[in-house]
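Let's take a walk through this model together, pockets and all. Have the sequence and the 3D view open, and we'll go from one spot to the next.

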Amino acid sequence: MVSRPDYITVGRFGRPRGVTGELYITPDTDFPDRFLDLFEVYIEEGGKKKSLIIESAEIISGRPVVKVEGIESKEEAAALTNLAIFVPGEQAVELPEGSYYQFDLVGSTVKSVDGVEFGVLEEILFYPANDVYRIKSKDFGEILLPVVDKFVKGVDIEKKEIIIEPPDGLIESSS
C-alpha cells in the first residue's frame, strides 16, 4: 500500500454565489462530484488545519457550489475565497490502473530503460496538449520531458521510480 500524505488539496474556494454564503469551488481534482459527498473539509489557518462543515453541496453549470456551516453572508463567504481546500489523505479517490496522483510521482527517481539515472521529478507542469515532467538532475541540469507513452515507459509508485525512454537529443550531459 502506498502511503498518502496526511492531507491532500482537492480545490480552492472561489467567489461567493448569491448572498446567503454559498461559494463556488475551483476543483483541483478530476472528480468534482466528490464535493457532493463531503461532510467536512479543511483549510489552513496559521499553519494548522481548521475543520469546516459542509451543510450542502450541488453542481451548478459544471462547478461545485457549497454552503459552509456558520457562513451566512456574501461577505463572510468572500473571506474564504482563494483558500485551499483539503481532505484527509485516506479520502483520496482510488484511481484507475495507469493513473497517479501528483504526490505519488513528485520526488520519484527518473531512470532510463537501461538503468541510467537522470534525476528526480521535481514538478509536473500542466499544458493543453500533455503534461510535462520537470526533472532536476545534477548531471544533466533541468530536463523537461513530455508525459506521453512514447517517452514514459513505466511507473513504480512503491519504489518511487519512473522509467523513461527520452527522444534523441532531449537530454545532453552538462559535463
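Before we look at any residue, one bit of vocabulary: a residue is called buried when its relative accessible area is under 20%, and exposed when that figure is over 50%. Also keep in mind that this is a predicted model.

Start at Ser137, which sits in strand β9, a stretch covering residues 132-137. Is Ser137 buried or exposed? Its relative accessible area is 8%, and because the cut-off for buried is under 20%, Ser137 counts as buried. So what is around it? If you skip the neighbours within four places in sequence, Ser137 is in contact with Phe118, Gly119 and Ile143. There's a polar partner too: a polar atom of the Ser137 side chain lies 3.3 Å from the backbone nitrogen of Asp139.

Now hop over to Glu161, in strand β12 (residues 161-164). Glu161 has a relative accessible area of 19%, and since anything under 20% qualifies, Glu161 goes down as buried as well. Which side chain does Glu161 pair up with? Look for Lys111: the two side chains are joined by a polar contact of 3.0 Å. Lys111 also turns up in the list of residues in contact with Glu161, once neighbours within four places in sequence are set aside. The others on that list are Ser108, Thr109, Gly154, Val155 and Asp156.

Next, the empty space. Rolling a probe the size of a water molecule over the atoms shows where such space is left. In this model, the largest pocket holds about 870 Å³. Its lining takes in 28 residues, and those nearest the centre are Asp30, Tyr100, Tyr101, Gln102 and Phe126. Which element gives the largest share of that lining? That's β11, with four residues. At least two residues apiece come from β1 (7-17), α2 (102-105) and β11 (152-156). Sorted by character, the lining of the largest pocket has 16 nonpolar residues, six polar and six charged.

Finally, turn to the second largest pocket, with a volume of about 190 Å³. Here 12 residues make up the lining, and Glu94, Leu95, Pro96, Ser99 and Tyr100 lie nearest the centre. You've met Tyr100 before, among the residues nearest the centre of the largest pocket. As for character, the lining of the second largest pocket splits into six nonpolar, two polar and four charged residues.

Key: Residues numbered from 1 in each chain as written. Predicted model: local features only at pLDDT ≥ 70, side-chain atom pairs only at ≥ 80, totals over all residues. Heavy atoms only, no water. Buried < 20%, exposed > 50% of the residue type's maximum accessible area, 1.4 Å probe, protein only. Polar contact = N/O pair within 3.5 Å; in protein donor to acceptor, adjacent residues only side chain to side chain. Contact = heavy atoms within 4.5 Å. 1 Å grid on protein atoms, 1.4 Å probe; cavity = no way out; pocket = protein on both sides within 12 Å on 5 of 7 lines; lining within 4 Å. Points joined across faces, edges and corners; volume = space filled by probe spheres on them. Nonpolar A, V, L, I, M, F, W, Y, C, P; charged D, E, K, R; others polar.
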